[in-house]
Amino acid sequence: NTISCRLQMLLVIVVLLLPAVGNATRVDRLFQAEVTVGDRANATRDAALRRALHEVLVRVTGSESSVSGQAGQALLRKPQQFVEQFRYREAEHEGESLMLWVQFDGVALERDVRRSGLPFWGQERPDILVWLALDDRGRRYLVSEHSTGPEVQALRLTARARGLPITLPLLDLVDQSAISFADVWGGFETTIVVASERYRPQVILAGRLERSTAGGDWRAEWSLLKTGAGRQWTSHARDLGILAADGLAAAGEELAVRYALRHSGGSTRIMLVEGIYDLNDYAQVQTYLKSLTPVDELQVVRVAEGSIEFALQLNADERNLQQLISLGRRLEVVDDPSLWHFQYRP
């Protein structure tokens with residue numbers, strides 16, 4: 001109708017002037033990796049490209065097991081066809097290694113990953129707040145943003161390698177008044193969730209890490225909260241850094257099961273969004289929906305007072321889109337059994 005046509009004509013101008021709407025964290029450098037190399041020989045470079053592609057495939061499928069399967073191994077046999085650019089980085093300090101930085105073609109890699117039947121986890125990732133309570137033979141403490149132990153370094157390296165946005169608590173006076181070591185150690189979920197609200201995480205990873213007084217091995221009990229269905233598991237390691245890295249990696253694998261996309265052959269879904277009263281609202285919602293990986297195309301079907309009906313062409317199961325929208329903070333589900341019904345929250 002006339003209103004819809006005017007909206008779409010004006011959107012071309014408006015959308016260029018607006019920043020992207022806030023939603024789940026969008027991970028940068030999804031298709032980049034940097035690996036060590038012994039020299040610049042062609043054979044050495046080819047082996048390094050396979051290692052770099054392996055890292056990227058784990059990141060975009062969310063699963064080490066996906067990459068170790070037949071489809072993943074087939075992709076690893078031809079890393080050169082996905083390379084967009086690469087360069088060497090010389091060691092800057094004594095003892096450092098020569099590095100090979102690689103940028104892979106994201107469009108081609110996503111296409112072949114999904115054609116191979118593997119899951120694909122795009123840039124939209126949940127924010128993970130990590131609470132760690134450590135008992136190192138009687139020395140008990142919570143890990144904070146300012147901690148410098150091996151567990152923090154391992155968490156950050158794993159987060160980069162896996163494409164997982166993580167936050168560690170500040171443990172300032174606000175945190176100290178809301179939560180204690182005993183709360184995290186005891187796994188008091190309500191207290192942990194309430195204390196986490198200031199960070200607005202979509203997922204909470206709580207870990208209880210304990211060092212044995214005998215052999216010195218480490219044991220951890222992990223809980224993944226705010227995911228719709230909590231999950232608990234245990235792990236063991238000789239090294240504290242490995243224990244922390246394994247815990248975050250396991251959390252990432254669990255989240256990938258929920259959020260990574262599997263090709264469904266394409267479908268169309270009608271979505272009604274209320275709370276759209278001007279061009280600014282319209283541009284924000286359209287830009288947000290177009291940014292979501294499962295959405296190939298978007299069209300306006302109907303415009304009414306305060307609401308717009310969209311037709312979304314999807315490339316994945318519609319449940320994947322629902323899960324990604326649930327990560328954001330701008331579209332709130334309105335209970336309606338007949339169609340997708342959302343309320344826009346500016």
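The questions below concern one three-stranded sheet, a helix and an arginine in a predicted model. Local features need pLDDT of at least 70, side-chain atom pairs count only at pLDDT 80 or more, and totals for chains, interfaces and linings use all residues. Residues are numbered from 1 along each chain as its sequence is written, and side-chain values use heavy atoms, with hydrogens and water left out.

Q: In what order do the three strands of the open sheet stand?
A: Strands are DSSP runs (E, at least two residues; helices are H or I, at least four), numbered from the N terminus, and two strands pair if DSSP finds at least two bridges between them. S2 (32–37) and S3 (83–89) are at the edges, each with a single partner strand, so one side of each lacks a neighbour in the sheet. The pairing is antiparallel, and the order is S2-S4-S3.

Q: Which residue in S4 is the bridge partner of Ala-33?
A: S2 and S4 (residues 98–104) run antiparallel and are joined by six bridges. In S4, the partner of Ala-33 is Val-102.

Q: Which backbone nitrogen does a side-chain oxygen of Asp-105 reach at the start of H5?
A: Helix H5 covers residues 106–115. The oxygen of Asp-105 comes to within 3.1 Å of the backbone nitrogen of Val-107.

Q: With which side chain does the side chain of Arg-269 make a polar contact?
A: Arg-269 is found in strand S12 (residues 263–274). A polar contact is a pair of N or O atoms within 3.5 Å; within protein, one must be able to donate a hydrogen and the other to accept it, and residues adjacent in sequence count only if both atoms are side-chain atoms. At 2.9 Å, the partner of Arg-269 is Glu-318.

How values were computed:
Buried means under 20% relative accessible area, exposed over 50%, partly exposed in between (1.4 Å probe, protein chains only).
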